[in-house]
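Colleague: Could we go through this model together? I should like to begin with how far to trust the coordinates.
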Amino acid sequence: MIQRLIFAVGLLFTLSAGAQITDSVSASRADKISSLKDYFKKADFGFYSRTFFMSTLNNGALKDDFTLAQGGGLSMLTPSLAGFQFGVSGYFMFRLASSDLNAADVSTGLKNRYEIGQYDVTQPTNFQNLYRLEDLFLRYTYKKSSLTIGRMTLNTPFMNPQDGRMRPTVEEGVWLQINQHPKFGFKGGFIWGVSPRSTMKFYKMQNSLGIHASGLNTDGSKSNYTGNIKSAGLAMANFYLKPVKNLEINLWDAYFDNVFNTFILEVKNNVSLTNLQFYQSGMYVRQDAVSNGGNINPAKTYINKGAYSNVISLQSGIKTKKIDWNLNYTHITGDGRFLNPREWGRDFFYTFLPRERNEGAGNVHAFTSNFTYQTLSQKLKLGFSYGYFKLPEVSNVRLNKYGMPSYHQINLQASYHFVRIFRGLELKLLIAGKI
């Protein structure tokens, strides 16, 4: 068994020019449109470039890896015309240099886990011909509310960019946001397709499971749900309330047709005293299997019939203009595994640290602390994170889907936003160590 793993030295350069694809264009520009040609002429165009170096250093004689990836993209967002906007974006990427990412480690027989994710995990030998049409949507906006249909990038607890590789996760569906009242609102929709990070294709939701990892069934046999799940898609809904100042209540629900339902109740509170802000958050999560969990055959289902899990996650912190420090705790009870497809997004618990997740486990106790310091007119941000994650024994397959042992993790992070002639250029550094 691996005793120590020191990994993920990541260096990321990102250059952005132009409006983000999700930004709205002011109505004043639309007032001057006199023709279709003028409509597209006044659109906002964006250019994006990302250079990403990643290296994994394993303990002892285990195989080390590295890669240097380069990518670029273009986007267009039209001005608003009678409330309607059209958005489109595409991205390409290729390998500049790397170790042999397809060679297995001699002692374990396992192949690379992290660096290969910079490209396409479904085409592990393809490092050049990689491109993806990402955003392709029509949006109608009325005041502060909007309805979007097509391909888009969502950021929800269940589906999110999990932007730790070259390209994020992108969804396909219909999404509604209602923000007319300052004290309450709604967002939600139905998703029928997804292009997970580290892939180039779009998949039906039922076919997206198992692209990255599938782990073991609760009886110890290899999971065999990839390509065997029957589902129409994923419905998500969020109602948020702000009944009084500094208090926010979020209700989330995700119904994955014929597979599972996940409910979240989250309460956030913050109190400001002069230059200090104290904030606290609490989250309760309940997950239940729906029908047969995706397939009537237990060997091919995603979640066992009748299975359920409960999660409590807590956060408390203090913030100033330069400093943000928090303490976090998450407990997944021993009732069952908490499941959320890794192809859709990262864990939404307060204890999440980049480069690992606790999805697929039960009877988990996780403790983390994060400290960030921002200086130089908010251009430079430095961060330190520590976490201890107590998981069930790797032999307890009922509660440990991926056979992950308990571990300590330390993350060091830094980011710098350039200004003046280099405005739009951002540099990020992440050094993550696991013991």
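The exchange below covers confidence, one strand residue and two loop residues.

Modeller: This is a predicted model, in which local features need pLDDT of at least 70, side-chain atom pairs count only at pLDDT 80 or more, and totals for chains, interfaces and linings use all residues. Residues are numbered from 1 along each chain as its sequence is written, and side-chain values use heavy atoms, with hydrogens and water left out.

Colleague: What is the mean pLDDT of the protein?

Modeller: The mean is 91, and 94% of the residues reach 70 or more; pLDDT is the predictor's confidence in each residue, from 0 to 100. Over residues 23–29, however, the pLDDT is below 50. Where pLDDT is low, the predicted coordinates should not be read in detail.

Colleague: Where does alanine 97 lie?

Modeller: Alanine 97 belongs to strand β4, residues 84–98 (strands are DSSP runs of E, at least two residues, numbered from the N terminus).

Colleague: And which residues is alanine 97 in contact with, leaving aside neighbours within four places in sequence?

Modeller: They are Phe66, Thr67, Leu68 and Tyr119, where contact means heavy atoms within 4.5 Å.

Colleague: Turning to the loops, what is the phi of alanine 82?

Modeller: Alanine 82 has a positive phi of about 55 degrees, although it is not a glycine. Most residues other than glycine have a negative phi. Alanine 82 sits in the loop between β3 (65–77) and β4.

Colleague: Is lysine 143 buried or exposed?

Modeller: Lysine 143 is exposed, because its relative accessibility is 64% and exposed means over 50% relative accessible area (1.4 Å probe, protein chains only). The loop between β5 (130–142) and β6 (145–152) holds lysine 143.

Conventions: Helices (H or I, at least four residues) and strands (E, at least two) are DSSP runs, numbered from the N terminus. Buried means under 20% relative accessible area, exposed over 50%, partly exposed in between (1.4 Å probe, protein chains only).
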